[in-house]
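Welcome! Here is a short guided walk through one protein model. Please take a look at it before reading on.

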Amino acid sequence: MNQTINGGGASSLQFPAQLRICVVGMGYVGLPLALAFQQHYPVVGFDINAQRIEELRAGIDLTREATSAELQSANNLLFSAAAEDIAQCNVYIVTVPTPIDLSHQPDLGAIISATELIAGYLQAGDTVIYESTVYPGVTQELCQPLLEQSGHKAGKDFALGYSPERINPADKDRKLKNIMKITSGLTHECAEFVDALYSKIIVAGTFKAASIRTAEMAKVVENAQRDVNIALMNELAIICDHMDLRTYEVLEAAGTKWNFLPFKPGLVGGHCIGVDPYYLIHKSQRVGHHPDLIISGRRINNSMGTYIARKVTRMMTQRDIEVTKANVLILGITFKENCPDLRNSKVVDIHRYLVSMVGTIDVYDPLVRSADSEHELGVSLAGEPPQNHYDCVIMAVPHDEFLQRGADWVRSLCRQPCLVYDIKSALVPALVDKTL
Ligand SMILES: NC(=O)c1ccc[n+]([C@@H]2O[C@H](COP(=O)([O-])OP(=O)(O)OC[C@H]3O[C@@H](n4cnc5c(N)ncnc54)[C@H](O)[C@@H]3O)[C@@H](O)[C@H]2O)c1
């Protein structure tokens, strides 16, 4: 790619002939992006976490998004925790975390510090693109002024864009290159450049949004829609419980209608669906609208861990299992199956409720190191669970590894009487027919 990528027309921006890309933040989003771009341009994969950089250099990706072979054959990619290594770059793509604080307010600390770092190196002709999920307005109202402290003007001296990420960690079919990508820019020229840049790596195609704010909004809306739909399923599951109906059987029947949406009840954790709606709520309230439905969905989804734990203790009692003496096993601690990500895992709510109620409680998750679980969630992990030992087994996160071992393995861990609670109905009906 060279300057022919310009948006055409009266151009004030002078894009460099040789692009050198810096991806800022080597996490779930940044690493696959750096690996894709390095097939076309020299790339610096920058992260403030020196340990993460060392691991990547050694061919180890704890997020499991890249194989050792992919990392070691990425000859055009320099992993670095040294700020001076980004100085020679002219395209900066920001993929740092955008979490929430304890009051569920957006924490934009990482995006601000990454932006300030870039501003220190920004030159005329450079491009800055944000990929981190934000509420509409962050790129232009917060980041742009910080970048312009460099003395350069957005849209005139440097290009500014936003392109939200849609990757789905642990999904082996939908990868960066085969998910359509939304692009946007501050001006027509910026938008054209950003779109052409991503077109180099995205096989599924790009979609040029009308504006940066439109692209920012589209991302949070995607996840808010999913959150609200899961909340509806969770509420229906609670109603089914009250009526002694099995939710999965109801959904199976309802799902035979052509326009019934196949959402399932469950725990909503992680850093996307359980977080992004708060960004939308924050912005909505700032512009004077109280988003009742989205807030209500968040409240329902946040309460499900405790709801499930209560239900489990009730069911144990119904089965003559003495709760205070029961050995309980939780299978899976990550926020979703087949992914080692622990952030905001709601399984911890189940653990927190049960730990003071039951005799013993073990958590087994072969995807996670116990030290990481202790650090992130305050929960230490047990080793391979013993057979004929548990009075209650909760299949919390149905990793493929658990499903491959199957219902017979789960049953073999139980002594009788035993309750097996399969949160996502992953082994149902194999378990229900014989165990529940
Ligand atoms: N993980 C996903 O599935 C996913 C999907 C779509 C969008 N997103 C969004 O993408 C963004 C990144 O998410 P992620 O899951 O890749 O996060 P992550 O925590 O996996 O990775 C972020 C990386 O950024 C680094 N970092 C933090 N502050 C930094 C700074 N100032 N400078 C340089 N590096 C810094 C961290 O050390 C970390 O390695 C978030 O806004 C998230 O909401 C994530």
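## Before we start

Two strands are said to pair if DSSP finds at least two bridges between them. Keep in mind that this is a predicted model.

## A sheet of six strands

With that definition in hand, look for an open sheet of six strands, paired in parallel and ordered 3-2-1-4-5-6. Its edges are strand 3 (77–80) and strand 6 (159–162), each of which pairs on one side only. On average, neighbouring strands of this sheet are turned by 15 degrees against each other, direction ignored.

Helix 1 (residues 30–37) lies across strand 1, strand 2 (43–46), strand 3 and strand 4. The helix runs at about 170 degrees to strand 2.

## A closer look at strand 4

Strand 4 is a good place to linger. Strand 1 (residues 21–24) pairs with strand 4 (residues 91–94) in the parallel sense, over four bridges. Within this pairing, Val91 in strand 4 is the bridge partner of Ile21. Strand 4 is also joined by four bridges to strand 5 (residues 127–130), and these two run parallel. Here Val94 stands opposite Tyr130 in strand 5.

Which way do the residues of strand 4 point? Val91 and Ile93 point one way, Tyr92 and Val94 point the other way, and all are buried. Together with helix 4 and strand 5, strand 4 makes a right-handed β-α-β unit.

## Around the ligand

Helix 4 (residues 109–121) appears again at the ligand: with three residues, this helix gives the most to the shell around the ligand. Of the 28 residues around the ligand, Gly25, Gly27, Tyr28, Val29 and Ser132 come nearest.

What kinds of residues make up the shell around the ligand? The shell divides into 13 nonpolar, 10 polar and five charged residues.

## A sheet of four strands

Further along the chain numbering, you can find an open sheet of four strands in the order 10-9-11-12, with parallel pairing. Strand 10 (360–364) and strand 12 (414–422) are the edge strands, each pairing on one side only. From one strand to the next, the twist averages 20 degrees.

Strand 11 (residues 390–395) and strand 12 run parallel and are joined by five bridges. Val393 stands opposite Val420 in strand 12. Helix 13 (residues 400–412) packs on this sheet, where it touches strand 9 (327–331), strand 11 and strand 12. The direction of helix 13 makes about 155 degrees with that of strand 11.

Note on methods
Residues numbered from 1 in each chain as written. Predicted model: local features only at pLDDT ≥ 70, side-chain atom pairs only at ≥ 80, totals over all residues. Near = placed C-beta within 6 Å. Nonpolar A, V, L, I, M, F, W, Y, C, P; charged D, E, K, R; others polar. Axes fitted to C-alpha atoms, helices over the stretch in contact; angles between N-to-C directions. Contact = placed C-beta atoms within 7 Å. Buried ≥ 20, exposed ≤ 12 C-beta atoms within 10 Å, placed from the backbone. Right-handed = clockwise from strand over helix to strand, strands pointing away.
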